[in-house]
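I opened the model to look up burial, helix packing and aromatic contacts. My entries follow in the order in which I made them.

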Amino acid sequence: MTLDLSNRVAVVTGASRGIGYFIARELAAAGAHVIAVARTVGGLEELDDQIKADGRGQATLVPLDLSDMAGIDRLGGAIHERWGKLDILVANAGVLGVISPIGHVEAKTFEKVMTINVTSTWRLIRSVDPLLRLSDAGRAIILSSNAAHSARAFWAPYAASKAAVETMMRSWAHETETLPLRVNAADPGATRTAMRAQAMPGEDPQTLPHPSEIARRIVPLASPELKETGLIFQAKHNRFVAYRQPE
């Protein structure tokens, strides 16, 4: 079934490149008005040009560094003034930090990972939660990673940040489970992005799926027909998985 997001408003962070860029395009192609958030103005303008060329949907460009917490608050206020609601949140923006022994990670690097990956995600949720509750079928998609569960050596800051956002997602989903709002995490898996190249410089990127392919798998989580909440969607396997308590 073709996804129809006509007359729905979506926020996508990290929309200027990678998975976020292609999620924004897919949402617009389904008819949504995409509020595209990123630091890079040039990347946002390229996205806008491509959405226009695709011929469906529209974009509002928001150049914003997500370390600007007051700016995130203003974003929520601006959405309320213009549209009076929000239908879709895709919290995609994130940074890797460094792949390093935990004792060698510089404080400023750790703090940046936590600020962008965790604190700004919380601030964004705080800003738009009331707007998503005003939608007849609010949908929130929080980008995560298998690193949150594998806790692999040398990935501590990034892994900890993704474990934190998944926990926030689960708590938020429990809070809203009796509402039309559905909240899930999405694990894209290894994807041909700049972040992956930074983490795995010796890896052949041609062995990885293109971000456009991963975006096409994730975007159905924005469907008004979606029933699942509080789960992880594994894009690699195209399936939802549930959490288990430690054993």
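**Burial of V12.** I looked up V12 and found that it counts as buried because its relative accessibility is 0%; buried means under 20% relative accessible area, exposed over 50% and partly exposed in between, with a 1.4 Å probe and protein chains only. V12 lies in strand β1, residues 9–13. Strands (E, at least two residues) and helices (H or I, at least four) are DSSP runs, numbered from the N terminus. I note that this is a predicted model, in which local features need pLDDT of at least 70 and side-chain atom pairs count only at pLDDT 80 or more, while totals for chains, interfaces and linings use all residues. Residues are numbered from 1 along each chain as its sequence is written, and side-chain values use heavy atoms, with hydrogens and water left out.

**Surroundings of V12.** Which residues is V12 in contact with, leaving aside its neighbours within four places in sequence? I listed G20, I23, A24, L27, V34, I35, A36, V37 and V90, contact meaning heavy atoms within 4.5 Å. For V12 and A24, 12 residues apart in sequence, I recorded a C-alpha to C-alpha distance of 6.3 Å.

**Helix α1 against α2.** A24 also appears in the packing of α1 on α2, where Y21, A24, R25 and A28 of α1 meet E46, L47, Q50, I51 and D54 of α2. Helix α1 spans residues 18–29 and helix α2 residues 41–54; their axes are 10 Å apart, at an angle of about 30°. Axes are lines fitted to C-alpha atoms, for helices over the stretch in contact, and angles run from 0 to 180 degrees between N-to-C directions. I therefore entered α1 and α2 as roughly parallel; under 35 degrees counts as roughly parallel, over 145 as roughly antiparallel, 65 to 115 as roughly perpendicular and the rest as oblique. The crossing of α1 past α2 is right-handed, that is, the near helix is turned clockwise from the far one by less than a right angle, anticlockwise being left-handed.

**Helix α1 against α8.** I then turned to helix α8, residues 211–218, which packs with α1 at about 55°, the axes being 8 Å apart. α1 is thus oblique to α8. This crossing of α1 and α8 is right-handed. From α1, G18, I19, F22, I23 and E26 meet P211, S212, I214, A215, R216 and I218 of α8.

**G138.** Is G138 buried or exposed? I found G138 buried, with a relative accessible area of 0%; its place is in the loop between α4 (107–133) and β5 (139–143). Leaving aside neighbours within four places in sequence, G138 is in contact with D87, L132, P180, L181 and R182. G138 and E177 are 39 residues apart along the chain, and their C-alpha atoms are separated by 12 Å.

**Aromatic rings.** Rings of Phe, Tyr and Trp (its six-membered ring) pair if their centres lie within 6.5 Å; planes under 30 degrees apart count as stacked, over 60 as edge-to-face and the rest as tilted. I counted 3 aromatic pairs by this rule. One of them is W155 with Y158, edge-to-face at 6.1 Å centre to centre and 65° between the planes. W155 is buried at 9% relative accessibility, and Y158 is buried at 8%. The rings of F233 and F240 have centres 5.3 Å apart and planes at 65°, so I entered this pair as edge-to-face. F233 is buried at 5%, whereas F240 is partly exposed at 26%.

**Charge over a ring.** Lastly, I found the charged end of R170 over the ring of Y243, 3.9 Å from its centre. The criterion is NZ of Lys or CZ of Arg within 6 Å of the ring centre and within 35 degrees of the ring normal.
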